[in-house]
Amino acid sequence: MIHEILAVGPLRCNCSVIGDEATREAMVIDPGDDIDDVLAIIGKHNLQVKQIVITHAHIDHVGGAMKLQAATGAPILLNQNDYALLKMLDVQAAWIGVRPPGEVKIDQSIGNGETVSAGSLQAGVLHTPGHTEGSICLYFPAEKKLIAGDTLFAGSIGRTDLPGGSMEKILRSLHSTVMALPDETVVVPGHGPLTTIGEERESNPFLVKG
């Protein structure tokens, strides 16, 4: 598995470029900004992007998706429960003081239990509402790797005070879905350093059972 992580945009969203070393097929997850840098990595590994997957419709994760699509022709995938949030990108841009990215068009909704793939690499889609209604995580079982979006961070969890957020739902998503994964699973959060399910089970104040 080729896996390069770039911190993109003013909020330093973790964008993942994941590719199959044999077929050179790839997916890009959360291309929030700095698409020239993303394309440089794609070119370096001679990858062909088959899909652009968005974990949730916040501007720092989806802002560069149309630019990346224009360069690669790959379809953009997002859970349909975040379509309303996607229509608020101008408002979201004002929240953080950046230029609106324009309309982002989604080619396909992805839901719980579906899979996304690049060559032989396969990830299961886990619907994990709470940070937003349509938040998803991607779990690569063979590699024991979780792309967590803004659902889980090292030592913390996603904020729930923005439109579509719910503390009750995010805790349910974490306890019933995310923490059911093996302890050795490497977690790539939407922002900040990598962690593991085991580390978060032991030390994350939101997840430690008292």
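## Helix H1, the cores and the pockets

The buried residues of H1 pack against five elements: strand E1 (2–8), strand E2 (13–19), strand E3 (25–29), strand E4 (48–53) and helix H3 (65–72). Bear in mind that this is a predicted model.

So which residues of helix H1 (residues 35–44) are buried? They are Ile35, Val38, Ile41 and Ile42. These residues sit on the same side of H1, because they cover an arc of only 120° around the axis. Flip to the other side of H1 and you find Asp36, Gly43 and Lys44, which are exposed. Once H1 is done, asparagine 46 follows, and its phi is positive, near 55°.

Now for the nonpolar cores. The largest one has 29 residues, and Val17, Val28, Val38, Ile42 and Ile52 are the members that touch the most others. H1 provides the largest share of this core, with four residues. Val38 and Ile42 thus turn up twice: they are buried residues of H1, and they are also among the core members with the most contacts to other members.

What does valine 17 touch, leaving aside its neighbours within four places in sequence? From H1's buried set, valine 17 is in contact with Val38, Ile41 and Ile42. Its other contacts are Ile2, His3, Glu4, Leu6, Met27, Val28 and Leu47. Apart from the largest core there is another one, of 16 residues, including Val53, Leu121, Ile136 and Phe140.

On to the pockets. Here are the two biggest, side by side:

| Pocket | Volume | Lining | Make-up of the lining |
|---|---|---|---|
| Largest | about 340 Å³ | 19 residues | ten nonpolar, four polar, five charged residues |
| Second largest | about 260 Å³ | 14 residues | six nonpolar, five polar, three charged residues |

If you want to find the largest pocket in the viewer, look for Gly32, Asp33, Gly63, Arg99 and Pro101, the lining residues that lie nearest its centre. Helix H2 (59–62) and H3 each supply at least two residues of that lining. H3 is also one of the elements that the buried residues of H1 pack against.

For the second largest pocket, the lining residues closest to the centre are Leu11, His58, Asp60, Arg159 and Leu162. H2 and helix H5 (89–96) each give at least two residues to this lining, and H5 has the largest share, three residues. H2 therefore has a hand in both pockets, with at least two lining residues in the largest and at least two in the second largest.

Definitions and conventions. Residues numbered from 1 in each chain as written. Predicted model: local features only at pLDDT ≥ 70, side-chain atom pairs only at ≥ 80, totals over all residues. Heavy atoms only, no water. Buried < 20%, exposed > 50% of the residue type's maximum accessible area, 1.4 Å probe, protein only. Arc of directions from axis to C-beta. Contact = heavy atoms within 4.5 Å. 1 Å grid on protein atoms, 1.4 Å probe; cavity = no way out; pocket = protein on both sides within 12 Å on 5 of 7 lines; lining within 4 Å. Points joined across faces, edges and corners; volume = space filled by probe spheres on them. Nonpolar A, V, L, I, M, F, W, Y, C, P; charged D, E, K, R; others polar. Core = buried A, V, L, I, M, F, W, Y, C linked by side-chain atoms within 4.5 Å.
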